There are 2 protein chains.
Amino acid sequence: MTNSIETRSFCCPDHSGQAPAQAILAQAESRVKAQGLRLTPVRRRTLEILLQAHGALGAYDVLEKLAADGFGAQPPVAYRALNFLVDHGLAHRIRRLNAFTACAHPGHDHRAAFLICETCDSVTEAPSEAVGTALGKAARDMGFELSRATIEAVGQCRDCRNGTPTQQGGLS
Amino acid sequence: MTNSIETRSFCCPDHSGQAPAQAILAQAESRVKAQGLRLTPVRRRTLEILLQAHGALGAYDVLEKLAADGFGAQPPVAYRALNFLVDHGLAHRIRRLNAFTACAHPGHDHRAAFLICETCDSVTEAPSEAVGTALGKAARDMGFELSRATIEAVGQCRDCRNGTPTQQGGLS
DNA sequence: GCCTTGACTGTTATGATATAACATAAGATA
DNA sequence: TATCTTATGTTATATCATAACAGTCAAGGC
């Protein structure tokens, strides 16, 4: 493996270094507090785990890491923390993978679209204003009032198309 | 329950009568045969079950009905048939619901978007050319080559917004 | 301070969804 | 019919997710 952090540019550019993750954590902390909620140790650690992962993690992967850190070792521990993060815009659920990923752009509400690479399993959040607009229109044309949407694309990421596939499924 | 078939106009208009379902089955038969494949009894019956359902059905719901008809009663029986239908464009998988629904427009390949009503659980296939185009562009801008996508919207359907909610989760 | 209250965590138990692996049967082809 | 391929059925197990309840902790009122 010759993958320096620099060669893995496609997946999670925002997470690659230490600083951005710290920044996101701090941002999450204040954002959550502003809503009168608490970023408790489990929740904070869960977010850290997601931020450190390049790609999405299953709930049981997260659970394993939480348990190793001394938190509870039963599924509800992980699911509760993950659902909290998802409910408050700090993480996303990737349904196709039965997995979760940290939100790359917390702080502003947004419709998210995900690009899932079949070769390296990376999951990238793509800007999706236009997609959301188109979907909203299609729904409205059918008399449907849209509240939220899941948009997940499967294909091949830039790096893998360029012949520099990297294994990014787990922690870095 | 006073729901005549007519009042349930939002969900699956194409499936509501007997004739369209028969037409879709016939179309499926020839389409599959043209590809050198077979629409075997389990597969055919599975498609019928999906066509008769207003809304999406879970694999175990389908399995139960198949078993009642004398087919195998173990999960792989249902999953194999369902996966066959999905792989050949005769059904769709609704990931948010862990469920399956018959394709409303078989015969032409298309990107499908689904509108899932939170009130009555109906699942409607919406035209999604524009959504697909927007998503394709967003992906291309990130160097991602898109092969297929899951687009699922959650909200409230026309009937439920108009105050005529109907229970449409299962068979008619 | 300390007590109440509500939110959070941990645990047990179970439910729901999905697939691997292998044996048998049915269709197609020569 | 012999053979090959595809499909079906079964057993067993993997994987994902939640209900329900008991104990714990933090914040605000007294």
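## Starting at DNA strand C

Let's begin with one contact: a polar side-chain atom of Arg38(B) sits 3.2 Å from a sugar or linking oxygen of DNA strand C. That makes a polar contact, meaning a pair of N or O atoms within 3.5 Å; within protein, one must be able to donate a hydrogen and the other to accept it, and residues adjacent in sequence count only if both atoms are side-chain atoms. The backbone joins in too: an N or O atom of the Gly72(A) backbone is 3.5 Å from a phosphate oxygen of DNA strand C, and a backbone N or O atom of Ala73(A) is 3.5 Å from a phosphate oxygen of that strand. Helix H2 (41-52) and H4 of chain A, together with H4 of chain B, give two or more residues each to the surface near DNA strand C.

This is a predicted model, so local features need pLDDT of at least 70 and side-chain atom pairs count only at pLDDT 80 or more, while totals for chains, interfaces and linings use all residues. Residues are numbered from 1 along each chain as its sequence is written, chains are lettered from A and ligands numbered from 1 in the order in which they are written, and side-chain values use heavy atoms, with hydrogens and water left out.

## Who surrounds strand C

There are 18 residues around DNA strand C, and Arg38(A), Thr40(A), Val42(A), Arg80(A) and Tyr60(B) are the closest. "Near" here means that a heavy atom of the residue lies within 4 Å of the strand. By class, the surface has 9 nonpolar, 4 polar and 5 charged residues. Nonpolar covers Ala, Val, Leu, Ile, Met, Phe, Trp, Tyr, Cys and Pro, charged covers Asp, Glu, Lys and Arg, and the others, Gly among them, are polar.

## Over to strand D

DNA strand D has 17 residues around it, with Tyr60(A), Arg93(A), Arg38(B), Thr40(B) and Arg80(B) coming nearest. Two side chains reach bases: an N or O atom of Tyr60(A) is 2.7 Å from a base nitrogen, and one of Arg80(B) is 2.3 Å from a base nitrogen. The side chain of Tyr79(A) instead has an N or O atom 3.0 Å from a phosphate oxygen.

Of the strand D atoms within 4 Å of the protein, 55% belong to sugar or phosphate and the rest to bases. The surface near this strand has 8 nonpolar, 4 polar and 5 charged residues.

## Where the chains meet

Now for the two protein chains: 36 residues of chain B are in contact (heavy atoms within 4.5 Å) with 36 residues of chain A. About 3,100 Å² is buried between them, with carbon and sulfur atoms giving 59%. That figure is the accessible area (1.4 Å probe) lost when the two parts are put together, summed over both. On the chain B side, Arg96(B), Met142(B) and Phe144(B) lose the most area, together 22% of what that side buries.

## A helix in chain A

Helix H5 (residues 129-141) of chain A has 13 residues, which should span 18 Å at 1.5 Å a residue, and its end C-alpha atoms are indeed 18 Å apart. The expected span is 1.5 Å times one less than the number of residues. Helices (H or I, at least four residues) and strands (E, at least two) are DSSP runs, numbered from the N terminus.

Among the buried residues of H5(A) are Val131(A), Leu135(A) and Ala139(A). Buried means under 20% relative accessible area, exposed over 50%, and partly exposed in between (1.4 Å probe, protein chains only).
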